[in-house]
Amino acid sequence: MPPRAVFRCDAGPEVGTGHVMRNVAIADRLRDFGWRVAFMTNAETVTSVPHSLQSFEVRMIAPGGEAETLAATWPGGVDLLVVDSYRLDAAAEGACRPHVGRLLAVDDLANRSHAADFLLDATPGRSTGSYEQLVPASTRLLLGPRFAPIRDPIAHRRRAALDRRAHPNALTRLLVTFGGADTRNGTAIALEAITRSGLNTSTDVVLGPAATNYAAISASTPSWARVHRDPSDFEDLVIAADLAIGACGVSALERCCLGLPTVLVVTADNQREIARGLAAATGMPVVILDEQEAPRRIAAALLSLREPGPRHRASQTAMQLVDGRGLQRLQLALGEAVSLDAGRVTLRLAEDSDEAVILAWQQRPGARRHSRNPTPPATEEHKAWFSHLTADPSRLLCIACFDEAPCGFLRLDRRSGIPPEFEVSLLIDEPFRGKGIGRAILSLARSLAPGARLVAEILPENTASLHAFAAAGYTAAGGGLYHEPPPP
């Protein structure tokens, strides 16, 4: 059976919706690659984010009942438990350990202990020292915006955002967004600040599904603003905007991914570190919602970003900070190694620095003789291919390492979504051939997409690949295609 992941997180007027939204992003990613996924939460959460959880199995849980719910619902245990709650610490996680294979803790405060195999904290500037006394030495720390769990719909639109932000532009459109609940009514304060600034330009006001101030905001919205509640085209609104006023939760990292310069407004204490980190990295101004004269301070911050130059600089640094590939890095971090007699084979995400070495591999004599297009790519052609591939979250390009030395690459390209199916492509550099690395990479591919159907196109004369794929369980499907069905 494909592995099962269970997510423990909550949403509501007090805790907001960010915890659930980042867990849904992780859950969607795992499910897209064949995992079975479920959530353990409470009725308030389901009410606060009714659309976000409707496609998942949801189990209601009483306070403190995580271990009991796990044992009763999945008596055979679960493969991965993801815990994302300020209310839970090492004691609660430890109580769940008998029922789970591995445990991932998601945090952004670094203020309590964890009993986890992995810990994800995407706060900008977060370092290993933050958790030195809070986790076991064996915990793998996944820290900083490189691991930000950016939702696939946001990541898919990053290329369009890159094109939109390529050059400085005039300020013609604003965005106001304060997360899913906006219990502090930051939206109203932001609209007052825009009026004070004199920048009464076209403004999109986004309110989340749990926002209780929708009626009041809608009734008092100025003529230059338009209110959207839980819009399906949120990504397009972010790309269209030139400047935003927004809270410093999960959505702040999404705005960075799409390069939208923002006046960062701290609406809760747990947002302070994210705000400090983003300000230090991008130069974007920060305002505390509780401080006196917040509307005046927000207005002044807006005017400081009125000119194209400062906004463009903030936009470019934000996009460099959050590249939208955090879910892929997490997916690979959850993977395992394959041990051979001669060494270990592992996978890591292909980064920009790998572009040149992949080109060198493909340009070596005979490297592509069994490819659909046997002609080695030119430099510019390869650059465009690499850029396009790494910007597409539905495609996964990994570097295979043999005892940490890069030895080839694995590519998974999505062919269909239900049931998930991926085309597998791999290349092994000539010095590393004949060591069983190909079969090891195919085993790792299966662990990345455990419940998906994997398909490969292999030319009849490519005997080495035929042997490697056959040894990995692939069978002929006709037309040069070979497939390995998903586990039953």
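Me: Let me get the classes straight: Ala, Val, Leu, Ile, Met, Phe, Trp, Tyr, Cys and Pro are nonpolar, Asp, Glu, Lys and Arg charged, and the others, Gly among them, polar. How many of each line the second largest cavity?

Reply: Three nonpolar, three polar and four charged residues. Keep in mind that this is a predicted model, where local features need pLDDT of at least 70, side-chain atom pairs count only at pLDDT 80 or more, and totals for chains, interfaces and linings use all residues. Numbering starts from 1 along each chain as its sequence is written, and side-chain values use heavy atoms, leaving out hydrogens and water.

Me: Good to know. Which residues are in that lining?

Reply: Ala155, Arg158, Asp323, Gly324, Arg325, Gln328, Thr390, Ala391, Asp392 and Pro393. A cavity here is a set of points on a 1 Å grid over the protein atoms alone where a 1.4 Å probe fits but cannot get out, and lining residues have an atom within 4 Å of a point. The volume is about 60 Å³, taken as the space filled by probe spheres set on the points, which are joined across faces, edges and corners.

Me: How many cavities in total, and what's the volume of the largest?

Reply: There are three of 30 Å³ or more, and the largest has about 80 Å³. Its lining includes Arg165, His167, Asp242, Arg311 and His312, and by class it has three nonpolar, five polar and three charged residues.

Me: Switching topic: how many disulfides?

Reply: Zero, counting cysteine sulfur pairs within 2.5 Å. The closest cysteine sulfur to that of cysteine 96 is in cysteine 9, 13 Å away, so it is too far for a bond. Cysteine 407 is in no disulfide either, with the sulfur of cysteine 401 nearest at 6.5 Å.

Me: Is cysteine 407 buried or exposed?

Reply: Buried, at 0% relative accessible area (buried is under 20%, exposed over 50%, partly exposed in between, with a 1.4 Å probe and protein chains only). Cysteine 96 is buried too, at 2%.

Me: And how many aromatic pairs?

Reply: Five, with ring centres of Phe, Tyr or Trp (its six-membered ring) within 6.5 Å; planes under 30 degrees apart are stacked, over 60 edge-to-face, the rest tilted. One of them is phenylalanine 402 with phenylalanine 432, edge-to-face at 6.2 Å and 70°. Both are buried, phenylalanine 402 at 9% and phenylalanine 432 at 16%.

Me: Which residues form the aromatic cluster?

Reply: Phe7, Phe39 and Phe56. The charged end of arginine 31 sits over the ring of phenylalanine 56, 4.1 Å from its centre (the rule wants NZ of Lys or CZ of Arg within 6 Å of the ring centre and within 35 degrees of the ring normal).

Definitions and conventions. 1 Å grid on protein atoms, 1.4 Å probe; cavity = no way out; pocket = protein on both sides within 12 Å on 5 of 7 lines; lining within 4 Å.
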